[in-house]
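Me: I'd like to go through this protein with you, one piece at a time. Ready when you are.

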Amino acid sequence: MIRDDASMIIKSSIEDVLPDKAVATVLLNRKFTKNVYVIAVGKAAWVMAKTVKDLLGSRIKKGLIITKYGHAKGEIEGFEIVEAGHPVPDVNSLAGTQKAVDIVRKLGEEDEVIFLLSGGGSSLFEKPVSGVTLADIQEVTGKLLKCGADITEINTIRKRLSDVKGGKFAGHCAPAKVLSIVLSDVVNGKLDMIASGPAYQDTSTCRDVFHIIKKYDLVLDKHILEILNKETPKKINNVETHVTGSVRDFCTAVAKHAKRLGYEPYTISVTLDCEAREAGKFMASIARTVKEGGSYILKPPCAIIAGGETVVTVKGKGLGGRNQELALSAAIGIKDLDNVVIFSISSDGTDGPTDADGGIVDGNTMNLLEHCGIDYEKTLKENDSFHALEKVEGLVITGSTGTNVNDVTVVLCK
């Protein structure tokens, strides 16, 4: 069955983009002559830290992992683990980050920090600047998440409210040298935007900040606006950075496994960043074109692949995530088509504030929704994709995966 093929592609592709091999590649031929301290931050922090521990063992003087709730996979000797809030920071975000700052601010030139960074760090790694509270950051983050801003725009603002983002964590580490290994979850791959760039010089400006505020008509308190008008570090000298993994790798993995199952793969984008429901309609239109013979190039069996990170402008009070909303939006466009499946998933295993990784729909999904009495348009208006897909076996559940290289949307046609 085509749904079984989708499940196999999802499982195998996520396994291919786990960060352990990528981290090991950076470390294997490297000699460490100084005292080593490891700080791992993000949704993939546990797997990245475990890889470093397996390679360096007792040479690590102290380790700290800050990751999302439910993403730690057990104790690691010599490491303290703090689980914290995502996508909005909480008190554990602040507590874990303070522990990291306390570790590195005592280090000297005879020490080295291995800083392992993955997506989610913008929320998990947080220490407000003077004059800003956690409540302030939670409020600003909430507004940014709901207005439809993309991750680059969100991080441009968040880094200025933080004492560790925008290159400031590197300053806390000095004079110790920092080896930063970054797992990219940002569409454009800009190092200062991945987890808001704690150890990388910031390329955004205050002018960018106020352009974003105007673009989305954001209403922010006066003291927040004053802080947003202060520039971030533009030059950092104590950090060596290596980027491992990307959404391009995720798309390549999907293409490989689709090909193995007999589908001719076509990757049409690795920079998808529009509204989720618009992307869903677009992918559905491609599927219908293929099935109805309207394409001279795309012929069944094929897999159409798009990687990136869509956005959702939240106007309703429902539950869901960008991948679930994308999948649900696609359902109406493929109604009654045989041997067509569209799925959209996150590589990290969690989509929005839910336990689902994303959504999957086929030609019968709309009929099932109607049979359950679900108003399709009303559900989308309320941003309630989770509950709708849950009733029609349209949720993809993987659990936390240990990696984070953005999202992928796939159309399978037989």
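Me: How do the axes of helix 1 and helix 11 cross, and within what distance do they come?
Reply: They come within 9 Å and cross at roughly 135°. Axes are lines fitted to C-alpha atoms, for helices over the stretch in contact, and angles run from 0 to 180 degrees between N-to-C directions. Helices (H or I, at least four residues) and strands (E, at least two) are DSSP runs, numbered from the N terminus.

Me: What do we call helix 1 and helix 11 relative to each other?
Reply: They are oblique to each other. Angles under 35 degrees count as roughly parallel, over 145 as roughly antiparallel, 65 to 115 as roughly perpendicular and the rest as oblique.

Me: Which residues make the contact?
Reply: From helix 1, Met8, Ile9, Ser12, Ser13, Ile14 and Asp16. From helix 11, Phe250, Ala253, Val254, Lys256, His257, Ala258 and Arg260. Contact means heavy atoms within 4.5 Å.

Me: Is this model predicted or not, and how is it numbered?
Reply: This is a predicted model: local features need pLDDT of at least 70, side-chain atom pairs count only at pLDDT 80 or more, and totals for chains, interfaces and linings use all residues. Residues are numbered from 1 along each chain as its sequence is written, and side-chain values use heavy atoms, with hydrogens and water left out.

Me: Back to helix 11. Which of its residues are buried?
Reply: Val247, Phe250, Cys251, Ala253, Val254, Ala255, His257 and Ala258. Buried means under 20% relative accessible area, exposed over 50%, partly exposed in between (1.4 Å probe, protein chains only).

Me: What covers them?
Reply: The cover includes helix 1, strand 7, strand 8, strand 9 and strand 12.

Me: And what follows helix 11?
Reply: Glycine 262, with a positive phi near 100°.

Me: New topic. Which residues does a cis peptide bond join?
Reply: One joins alanine 174 and proline 175, with omega about 10°. Proline 175 sits in the loop between helix 8 and strand 5. Another joins proline 300 and proline 301, with omega about -5°.

Me: What about serine 196: buried or exposed?
Reply: Serine 196 is buried, at 0% relative accessibility. Its phi is positive, about 65°, although serine 196 is not a glycine.

Me: And asparagine 339, where is that?
Reply: In the loop between helix 13 and strand 9. Asparagine 339 also has a positive phi, about 55°. It is partly exposed, with a relative accessible area of 42%.
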